[in-house]
Amino acid sequence: MSEIPGNARTERRARLARAMADEGIDVLVVAGNPWRSDYLRFAADFTPVEGQAFAFIERERPARIIVEHPAEAARLRSEQAELAVSWSLSPIEETEAAIRELGARRIALGPLAAVPYRLAMGPLGASIAPATALLDRLMLRKSPSEIEAFRRAAALADEGYAVFREAARAGRPEYALVAEVEAFFRSRGCPENFQILGSGGREVRGMHPPMERRLAPGDLVTTELTPCVEGYYAQICRTLVLGEASEAQGRAFAVYNEALEAGIAAVRPGARARDVARAQNEVFRRHGLGDYVTSEYTRVRGHGLGLYVDGRPAVLEDVDLSLEPDMTLIVHPNTYHPEVGYFVHGDSVRVIPGGCEVLTRTPRRLFSVPLA
Amino acid sequence: MRRGLISWSRDEVPASVLEGRVASLQRQMRDSGLGVVLIYTSFARPSAVAWLTHFVPYWNEALLVVFPTGAPVLLAAFSKRVHDWIRSVSHLGEVRSAPDLGRAAAAFLKERPPAPSRIGVLELDALPWLVAEPIMKSEYGGAVVDATALFASIRQPADEVEIRLARRAATIAVQAFKAIPTGAKRASELLSVLERSARLDGAEEVLPRLAPDLDADATLRRLEGDAILGERYAVELSVAYKATWIRITRCVSTQAVPSSWRGAADRFVEAAERLNEANLSLEPQVTGSVRPGKTAAWTIETCRGSPPLSIVATGETPSPSALPGGSLACLSLQLDLDDGPWLGGAPLILGSRGQPSRLLI
């Protein structure tokens with residue numbers, strides 16, 4: 001059951017309808033699935049749980065939706081009675097036929113990340129790139145109601161991290177920590193979360209889904225957790241140590257904290273994603289850790305957040321995308337440290353005039369969890 | 001995204017079983033004249049690759065490349081740093097970094113040209129265009145054929161290993177149902193308990209759907225936010241354990257369990273046991289039953305491709321697709337009883353011709 005306020009849904013539909021009119025599009029066919037549900041959520045306020053889904057968005061009429069499972073169709077009808085929902089064992093063929101029935105109207109298909117082969121090979125293939133660009137533009141800068149959802153997700157991320165810290169005790173398996181966090185998120189009405197973690201010492205090179213490894217004294221325990229509120233993801237990254245932090249762990253934290261602060265200070269309208277990456281990486285280079293900001297040891301220095309957990313822009317030194325007010329992203333200088341292992345530290349921010357607003361509020365500390 | 005326990009127990013899923021499954025696919029490939037089969041995986045469509053290799057992507061995408069001989073190769077869009085993790089949870093010959101999966105696949109085919117040249121792709125129609133385009137526009141595009149039916153022909157019936165995993169998944173779900181507090185008033189309270197129980201029991205994933213008040217509406221919903229629980233509500237839990245998915249649905253009454261529900265449960269068992277490979281329809285036995293209530297909806301689902309569960313038959317589709325005896329399937333049934341709706345669901349092993357099906361729990 002969606003608790004999305006009707007005005008947010010209406011607001012997104014109105015923005016999309018205006019953009020479609022500007023581009024001369026009568027019908028926008030939006031593809032999605034549980035992995036790439038973001039565009040569908042934006043266009044039709046629908047998050048598929050299973051199977052393929054397709055939305056036919058018209059400027060002046062409620063959407064038509066085709067899904068793959070009768071249970072998905074039933075729940076969508078109950079969530080949004082105004083939609084025309086059907087299900088099919090062959091939703092791609094059904095969508096293909098529905099596109100044909102639209103005749104000579106101006107139709108576009110997107111997004112690139114979710115369009116299946118069969119539809120892309122059809123008459124709308126050339127429309128995929130421009131339709132995707134249209135949706136990306138709309139989804140990059142958030143509206144006030146989207147910002148509000150993001151703000152609530154960030155607050156939930158803070159609370160979730162407090163639960164994680166409480167759950168992190170020597171002897172517990174990694175998956176038990178995530179179980180406690182998920183139980184907490186569910187208790188707050190949050191159905192979705194992206195979370196990976198790591199535990200151990202210098203041998204740990206990254207994060208992964210929880211495994212059976214049991215936490216041990218002296219471990220660094222890393223996590224990035226990313227709850228979803230009304231479809232919008234916000235993320236926090238922190239590292240804790242089981243017991244007292246060693247001198248090396250303390251020194252490492254100081255570097256990551258400096259890098260995070262430098263990255264956040266670089267976030268402002270007009271700055272480019274590469275500027276934010278460079279600000280963080282320069283800190284590592286100054287500390288003689290320049291090797292550890294390469295793709296051998298890390299992926300990105302942050303990324304966009306919103307309806308997708310790993311959105312644009314990727315914060316990397318070769319990404320030119322300019323930041324604009326009301327873009328939302330995480331800044332995280334997460335990477336391997338040769339003395340202590342993989343280390344994470346990051347906050348969700350909103351770009352505002354002159355700089356950014358940091359929305360996650362958990363103190364920037366190397367948390368120490370008592371062993372007793 | 002997947003965020004439960006992902007690990008590979010060699011005791012629960014021996015490497016030899018995975019190798020046997022790959023060998024079975026390779027035999028079919030040779031018989032069909034395919035020089036390679038490509039199988040896409042994401043957390044939304046993980047099951048074919050997981051069945052062959054035990055690999056489940058928690059996010060991101062990968063493409064499994066299976067030649068007629070040898071171990072499968074995984075082209076993974078994950079960062080190289082994750083490769084050790086991938087190797088630790090799966091049985092693969094080689095893992096290659098492939099940030100651009102489609103281009104990497106085309107390049108890999110050039111490096112190891114398939115012989116014979118025909119290239120099978122599981123669920124070709126559904127392959128993401130970003131992945132498909134470089135392959136289809138390469139010199140190998142003309143040799144691509146759909147391999148969905150070929151894969152489905154080897155996927156079921158389930159082997160003993162898969163049945164044990166399904167039984168464990170079902171046990172996780174049943175334990176979660178047992179953890180429901182008797183006085184639960186809100187959906188958030190209920191779902192929190194279910195998630196905690198299932199994940200602490202080792203679930204790889206749990207997807208709950210809830211009809212919070214059966215007196216108002218029997219639709220099973222994905223809840224965002226909260227809802228007040230009625231006196232009668234229904235919960236569907238889809239649980240994955242080591243990449244094996246089952247679905248169980250239960251009704252809960254905060255008062256004494258209505259006698260009509262006992263009859264409905266008996267009827268569910270009766271209907272489930274009468275299913276077999278020659279009879280994948282519920283209608284005759286349900287409508288012919290002397291028990292009260294009429295069928296509102298039903299589905300039979302199984303795994304035979306990359307989606308965890310796909311529809312085999314429903315009350316709305318006149319022609320069920322074929323499913324061999326011994327297949328792992330899930331039956332979901334909704335009945336309209338005199339005193340309101342009732343929902344039930346459970347996994348089963350489909351009977352062979354003339355043999356009853358066996359419920360897993």
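Contact here means heavy atoms within 4.5 Å. The structure is a predicted model. The predictor gives the complex an ipTM of 0.96 and a pTM of 0.96. Chain B averages a pLDDT of 95, and 97% of its residues score at least 70.

**Helix 5 of chain B**

Helix 5 of chain B covers residues 129-136 and is mostly covered, with 6 of its 8 residues buried. Those buried residues are Trp129(B), Val131(B), Ala132(B), Pro134(B), Ile135(B) and Met136(B). The cover comes from both chains. From chain A it includes helix 5 (117-120) and helix 6 (128-140). From chain B it includes strand 1, strand 2, helix 4 (101-111) and strand 6 (144-146).

**The interface**

The size of an interface is often given as the accessible area lost when the parts come together. Between chain A and chain B the buried area is about 5600 Å². Carbon and sulfur atoms give 61% of that area. On the residue level, 69 residues of chain A are in contact with 59 residues of chain B.

Polar links are counted as well. There are 24 residue pairs in polar contact between chain A and chain B, both partners at pLDDT 80 or more. The count of salt bridges between the two chains is 9. One of them joins the side chains of Arg186(A) and Glu195(B), at 2.8 Å from N to O. On the side of chain A that touches chain B, helix 3 (70-79), helix 5, helix 8 (174-187) and strand 6 (193-200) of chain A each supply at least two residues. Helix 8 of chain A gives the largest share, 10 residues.

**Helix 1 of chain B**

Does the length of helix 1 fit its residue count? Put as numbers: what should the 18 residues of helix 1 of chain B span at 1.5 Å a residue? The expected span is 26 Å, and the end C-alpha atoms are 26 Å apart, so the two agree. The helix runs over residues 15-32. Gly33(B) follows helix 1 of chain B, with a positive phi near 70°.

The buried residues of helix 1 of chain B are Leu18(B), Arg21(B), Val22(B), Ser24(B), Leu25(B), Gln26(B) and Met29(B). Their cover includes strand 1 (36-42), helix 2 (47-53), strand 2 (61-66), helix 6 (148-155) and helix 7 (160-178) of chain B.

**Two buried residues**

| Residue | Location | Relative accessible area |
|---|---|---|
| His54(B) | loop between helix 2 and strand 2 of chain B | 6% |
| Tyr342(A) | strand 14 (residues 341-343) of chain A | 6% |

His54(B) counts as buried because its relative accessible area, 6%, is under 20%. Leaving out residues up to four places away in sequence, His54(B) touches Ser7(B), Trp8(B), Val13(B), Leu18(B), Val49(B), Val89(B), Ser90(B) and Lys242(B). Leu18(B) is also among the buried residues of helix 1 of chain B. The side chain of His54(B) reaches the backbone oxygen of Val89(B) at 3.0 Å.

Tyr342(A) is buried too, at 6%. With the same sequence neighbours left out, Tyr342(A) touches residues including Val204(A), Arg205(A), Met207(A), Leu220(A), Tyr297(A) and His337(A). Arg81(B), from the other chain, is also touched by Tyr342(A). The C-alpha atoms of Tyr342(A) and Gly231(A) are separated by 30 Å, with these positions 111 residues apart along the chain.

Methods. Residues numbered from 1 in each chain as written. Chains lettered and ligands numbered in written order. Heavy atoms only, no water. Helix = DSSP H or I, 4+ residues; strand = E, 2+ residues; numbered from the N terminus. Expected span 1.5 Å × (residues − 1). Buried < 20%, exposed > 50% of the residue type's maximum accessible area, 1.4 Å probe, protein only. pLDDT = per-residue confidence, 0-100. Polar contact = N/O pair within 3.5 Å; in protein donor to acceptor, adjacent residues only side chain to side chain. Buried area = accessible area lost by both parts, 1.4 Å probe. Salt bridge = Lys/Arg side-chain N within 4 Å of Asp/Glu carboxyl O.
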